[in-house]
Number of protein chains: 2
Amino acid sequence: MFEVVQDYSKGAAYVNGAYVPMSEAKIPVGDWGFVHSDVTYDVVHVWDGMFFRLEDHLDRFHRSLEGYRLRPPATREQMREILARCVALSGLREAFVAMISTRGVPRVYGSRRPSDCDNTFIAYACPWVDVISKAVQEKGAHLWVASMPRVSPLSVDPTFKNYSWRDFVRGLHEAHDHGYETAVLLDSAGFVTEGSGFNVFAVKGNVVMTPDRGALEGVTRRSVLDLCDELGLEGKIMPMRIEDLMEADEVFCSTTAGGVMPCARVGNATLGDNIMANDRPGPISLKIKALYWQKHKEGWHGTAVNYADPEHPLMAVKTAA
Amino acid sequence: MFEVVQDYSKGAAYVNGAYVPMSEAKIPVGDWGFVHSDVTYDVVHVWDGMFFRLEDHLDRFHRSLEGYRLRPPATREQMREILARCVALSGLREAFVAMISTRGVPRVYGSRRPSDCDNTFIAYACPWVDVISKAVQEKGAHLWVASMPRVSPLSVDPTFKNYSWRDFVRGLHEAHDHGYETAVLLDSAGFVTEGSGFNVFAVKGNVVMTPDRGALEGVTRRSVLDLCDELGLEGKIMPMRIEDLMEADEVFCSTTAGGVMPCARVGNATLGDNIMANDRPGPISLKIKALYWQKHKEGWHGTAVNYADPEHPLMAVKTAA
């Protein structure tokens, strides 16, 4: 078969059943994924040539698809192969790997019926992204508590991953206006929910708590709770008020695109024993972060990519206890 | 200048500073307009070769841009010309004409700062769309009252036009499951808001009421209120409960993409004097609808498109009292 040599150095994508360079990965302006935010997605990372918890991300992606009644034209097995092939084509050893399904464009022109749309499957692997930059992670992020409430789970279920980020974007604007790096949102009853693409944790004594409502059930969140067990800390999923953040010893965020990201300040409070003196990552956050990456090196929940043969892009699953 | 003859019969679009056929109008999968629904838009219609209330739509679009802090690379004057040129290129005498601004793709790879993005301006003219099909409009739409609340205005302001339609899409699914054509959503306090792309009106006696909250300030809504004055009806923007819909003499919807669209049933109630016998558009709805189109014929708020010269696509504004 005739094959054109493509430049995948900025990432490789799978769109409309074909592999293309990232720059060519586009969707029609009439796709409901754009005009109605009628889309779900998931992101898995590749670190040192290995997917991290690939099956957990595929599990959640399928729950989201079910929740939104999306039926993309790819089986789970095909998705796994496509994702791995995007990574192999890109040659990236550290990558941000997305799987997306949009409602698509109606078959019947102008139809307002979701059932008239052919759902899509899009995937891509592009260079590693940190939701909070590595430089900021080092000194500890400043986390703004946004004034607008998170969209209610009654309207949009946050456990089905979605691109409905209008509230988050407002929160980011507000955070940046105040010189903070990112924002966390409360729900309308004042409970802590999540930030734009990350879960939030507060540390108080031996307890490492994360909200029980209004938040995505993060894969990295789950990893953090696993690591708490290993470190003899008490991980707790529980209702959290703003006071739990403001009066915490430490706060950190977790996400696939960045891992465990320590904070140094929440709202107008610096964190740590000496409230006014500290403005840096806490020791427990740093310990969890170090173990998170240490275990990556050991192949924890890893699935190796076969870069040498993009036609057979997945190697045997490599696991470590 | 060398010019390729393009097929604009399915619509003409303006993307990335160039005019292209509708099929080529696409956005990158990394555009925040897609991945964060960080986008605003407006839709104006062309009927019999004339824009309807073009300046009102441009006014609202600019309010939305301001509300979302979007700065597209086009002045209002340029937008007006671009929209008209899309229509002229398409040759469509009846058209659905969209103007869109997305946050764009970050200039700094992986950045989570809105200020690192170059905002876009996209426009297109494509064939006429009815939010509720003409056939259904004839017999009167069946309007479902959805079980999920509309996203709170505290989280996402509905007066700034947005594509955050996750709640609406759920409402559509629910409506279609029950054999209804479309859905209206209540807010969390039980007040009527709006449907997916349309305002709602209830008629009781001489009063024609529409919700005062949780809804877009529709241009067609404003036209309907103007027509009420003309017809000696009392148009009222007011708080509306579900009972105001269920116990109304008549209900209709209004939108740029379809005009005045009568309903025949709301939830499980048929409308009209004889609740169980009627299942058809009410006489006042039909009167408003007829006047709405009659006045279009007279050039009401019309701006004519110059199809003969797409380089100078706007003719002098033609107005009627």
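These notes go through a predicted model, from its chain contact to one strand and then to the domains of chain A.

1. The contact between the chains. Chain A and chain B each bring 47 residues to their contact. On the side of chain B that touches chain A, four elements of chain B supply at least two residues each: strand S3 (26–28), helix H1 (32–35), strand S7 (122–127) and helix H5 (166–177). H5(B) gives the largest share of that side, with seven residues.

2. What kinds of residue chain B offers. Sorted by class, the side of chain B that touches chain A holds 24 nonpolar residues, 14 polar residues and nine charged residues.

3. Strands that pair across the chains. Strand S3 (residues 26–28) of chain A is joined to S3(B) by three bridges, and the two strands run antiparallel. Within this pairing, the residue opposite A:Ile27 is B:Ile27 in S3(B). When looking at the structure, a reader can use A:Ile27 and B:Ile27 to find this place.

4. A covered strand in chain A. Is strand S15 (residues 259–266) of chain A mostly covered or mostly open? S15(A) is mostly covered, as eight of its eight residues are buried.

5. The neighbours of that strand. S15(A) pairs with strand S8 (residues 141–145) of chain A in the parallel sense, over three bridges. In this pair, A:Cys263 of S15(A) has A:Ala141 standing opposite. S15(A) also pairs with strand S14 (residues 250–255) of chain A, here in the antiparallel sense and over four bridges. There, A:Val260 in S15(A) is the bridge partner of A:Ser254.

6. The turn between S14(A) and S15(A). These two strands form a hairpin with three residues between the strands. In this hairpin A:Gly258 has a positive phi, near 145°.

7. The domains of chain A. Into which domains is chain A divided? Domain 1 covers 12–129 + 302–318, and domain 2 covers 134–281. Domain 1 is therefore written as two stretches of chain A, by the domain assignment used. The C-alpha centres of domain 1 and domain 2 of chain A are 27 Å apart.

8. Where the domains meet. How many residues of domain 1 of chain A are in contact with domain 2 of chain A? Domain 1 brings 18 residues, which are in contact with nine residues of domain 2. On the domain 1 side, strand S4 (39–47) and helix H2 (54–68) of chain A each supply at least two residues. The residues of that side are seven nonpolar, six polar and five charged.

Methods. Residues numbered from 1 in each chain as written. Chains lettered and ligands numbered in written order. Predicted model: local features only at pLDDT ≥ 70, side-chain atom pairs only at ≥ 80, totals over all residues. Contact = placed C-beta atoms within 7 Å. Nonpolar A, V, L, I, M, F, W, Y, C, P; charged D, E, K, R; others polar. Pairing = 2+ DSSP bridges. Buried ≥ 20, exposed ≤ 12 C-beta atoms within 10 Å, placed from the backbone.
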